[in-house]
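How are the strands and helices of this chain arranged? Take the sequence and the model below as the starting point.

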Amino acid sequence: MIYIQSFTFNDFQENTYILFDETKEAIIIDAGCFYENEKHELSDFIVSKKLKPVKLINTHCHIDHVLGNEYCAKKYDLKLYLHKDELKTYSDAEKWTAMFGIPPLTQPQIIEFIDENSIVNFGNSELSILSTPGHSVASISFYNKAQNFVIAGDVLFRQSIGRTDLPGGNFDVLISSIKNKIFTLPDETIVYSGHGIETTVGYEKTHNPFLQ
Ligand SMILES: [Zn+2]
């Protein structure tokens, strides 16, 4: 059984997720903890549940989704998993820190590439990967069929979609990712997004103004 804990971090109100199961192994998806209190909130949760983080993963590498990577990688000695075509976005993070007045980032360099053919394992659990580009050039989503949820990053939000005006964004590609990947999942599938509250595939099919 996978348990999902969400946190909302940094000035961009980004959602960071910790997934763990009965073995106490955990993965951290889109570590956005930036301020000291946010780093403590994340670590305190891990301590309180006696978790053992085993992987650090990105749905995509926009600045708000990578701000906590170095902290988590160092503290828990984690490798970072991302899609290889997100590397450019990842290395561009420095430009964005300058633009937003954020101090320069040190980013983890121990990286393992994952794509639609990969499986993310932790404890007794696994997630499959959907290729869902369009918001960022190589955004990926993590799907668990047994419990029927998807961690979708900034692809799809409750009644909205990811922005496509950043480098690597493409509106038509994003709509296609949603319709041909996310919307092929069962209607009851819970969608955990990179910003805002969760939703379901069925709710978005009928209520999302961008997808009618
Ligand atoms: Zn993004």
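This report covers the sheet, the helices on it, and a hairpin.

## The open sheet

The model is predicted. It contains an open sheet of six strands. Their order is 1-2-3-4-5-6, and the pairing is mixed.

Strand 1 (3-9) and strand 6 (111-113) are at the edges. Each has a single partner strand, so one side of each lacks a neighbour in the sheet. Neighbouring strands are turned against each other by 25 degrees on average, direction ignored.

## Strands 4 and 5

Strand 4 (residues 52-57) and strand 5 (residues 80-82) run parallel. Two bridges join them. Leu 56 stands opposite Leu 80 of strand 5.

## Helices on the sheet

Helix 3 (residues 69-76) packs on the sheet. It touches strand 3, strand 4 and strand 5. Its direction makes about 145 degrees with that of strand 4.

Helix 1 (residues 36-48) lies across strand 1, strand 2 (14-20), strand 3 (25-29) and strand 4. It runs at about 165 degrees to strand 1.

## The hairpin of strands 7 and 8

Strand 7 (residues 119-122) and strand 8 (residues 125-131) run antiparallel, joined by four bridges. Ile 119 has Ser 128 in strand 8 as its bridge partner. Two residues lie between the strands of this hairpin. Gly 123 takes a positive phi near 50 degrees there.

Which side chains of strand 7 are buried, and which are not? Val 120 and Phe 122 point to one face and are buried. Ile 119 and Asn 121 point to the other face and are not buried. The side chains thus alternate along the strand.

Notes
Residues numbered from 1 in each chain as written. Predicted model: local features only at pLDDT ≥ 70, side-chain atom pairs only at ≥ 80, totals over all residues. Buried ≥ 20, exposed ≤ 12 C-beta atoms within 10 Å, placed from the backbone. Pairing = 2+ DSSP bridges. Axes fitted to C-alpha atoms, helices over the stretch in contact; angles between N-to-C directions. Contact = placed C-beta atoms within 7 Å.
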